Amino acid sequence: MEIRPITPRYAVSPQISVEDVPTIVEAGFVKVICNRPNSEVPKDLQSDAIGQAVRAAGLEYEVLELTHQTMTPENVSLQRDLAESCAGPVLAYCASGTRCSVIWALGQCESMSTEDILQATTKAGYALDNLRPTLEEIRRSVT
């Protein structure tokens with residue numbers, strides 16, 4: 001498993017498995033967010049199976065399936081709320097971690113500069129420079 005921190009409280013990962021849950025617990029996460037639609041994965045990697053293992057380990061588990069079409073302002077806000085509504089670090093996962101990084105970036109425009117957002121995602125291994133115009137447009141509309 002590959003955990004990529006974007007901030008001290010938010011990290012992303014490619015697809016996780018039930019076997020990864022002890023590592024997630026040891027890393028200190030208190031919540032896991034699944035951003036990967038069940039239609040993309042076999043049954044043993046679907047959100048029900050992962051969620052059961054995560055909850056059994058004492059962590060919170062949320063599902064917000066994301067596709068290009070569902071990367072809406074409402075879902076950006078929901079992801080931010082899910083990530084901020086707990087007492088500790090959050091791990092979000094999808095196929096590669098990119099969707100989790102994109103939705104995080106879109107949700108930070110009110111509190112971070114475009115440069116800081118892109119620097120954080122690049123440091124985590126996700127070059128999201130193509131989002132710059134969108135991030136700047138969102139920043140203009142909220143500031």
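Where is the place of Asn35? In this predicted model, Asn35 is located in the loop that runs between strand 3 and helix 2, and the residue is buried, its relative accessible area being 0%. The side chain of Asn35 reaches the backbone oxygen of Leu64 at a distance of 3.0 Å. Leu64 is also among the residues that Asn35 touches when those up to four places away in sequence are not counted, together with Glu65, Leu66, Gln79, Ala92, Tyr93, Cys94, Arg99, Cys100 and Ile103.

Of the residues touched by Asn35, which include Arg99, Cys100 and Ile103, these three are listed among the buried residues of helix 4. Helix 4 comprises residues 98-107, and because 9 of its 10 residues are buried, the helix is largely enclosed by the rest of the structure. Ser101, Val102, Trp104, Ala105, Leu106 and Gly107 are likewise included in the buried set. The buried residues of helix 4 pack against two strands and three helices, namely strand 2 (10-13) and strand 5 (90-93) together with helix 3 (73-84), helix 5 (114-123) and helix 6 (132-142).

Leu45 also lies in the loop between strand 3 (31-34) and helix 2 (47-56). Leu45 is partly exposed, with a relative accessible area of 21%, whereas Asn35 is buried at 0%; the assignment of Leu45 follows because buried residues are those under 20%. Beyond residues up to four places away in sequence, Leu45 touches Gln15, Ile16, Ser17 and Ile50. Between Leu45 and Cys109, which are 64 residues apart in sequence, the C-alpha to C-alpha separation in space is 32 Å.

Conventions
Residues numbered from 1 in each chain as written. Predicted model: local features only at pLDDT ≥ 70, side-chain atom pairs only at ≥ 80, totals over all residues. Heavy atoms only, no water. Helix = DSSP H or I, 4+ residues; strand = E, 2+ residues; numbered from the N terminus. Buried < 20%, exposed > 50% of the residue type's maximum accessible area, 1.4 Å probe, protein only. Contact = heavy atoms within 4.5 Å. Polar contact = N/O pair within 3.5 Å; in protein donor to acceptor, adjacent residues only side chain to side chain.
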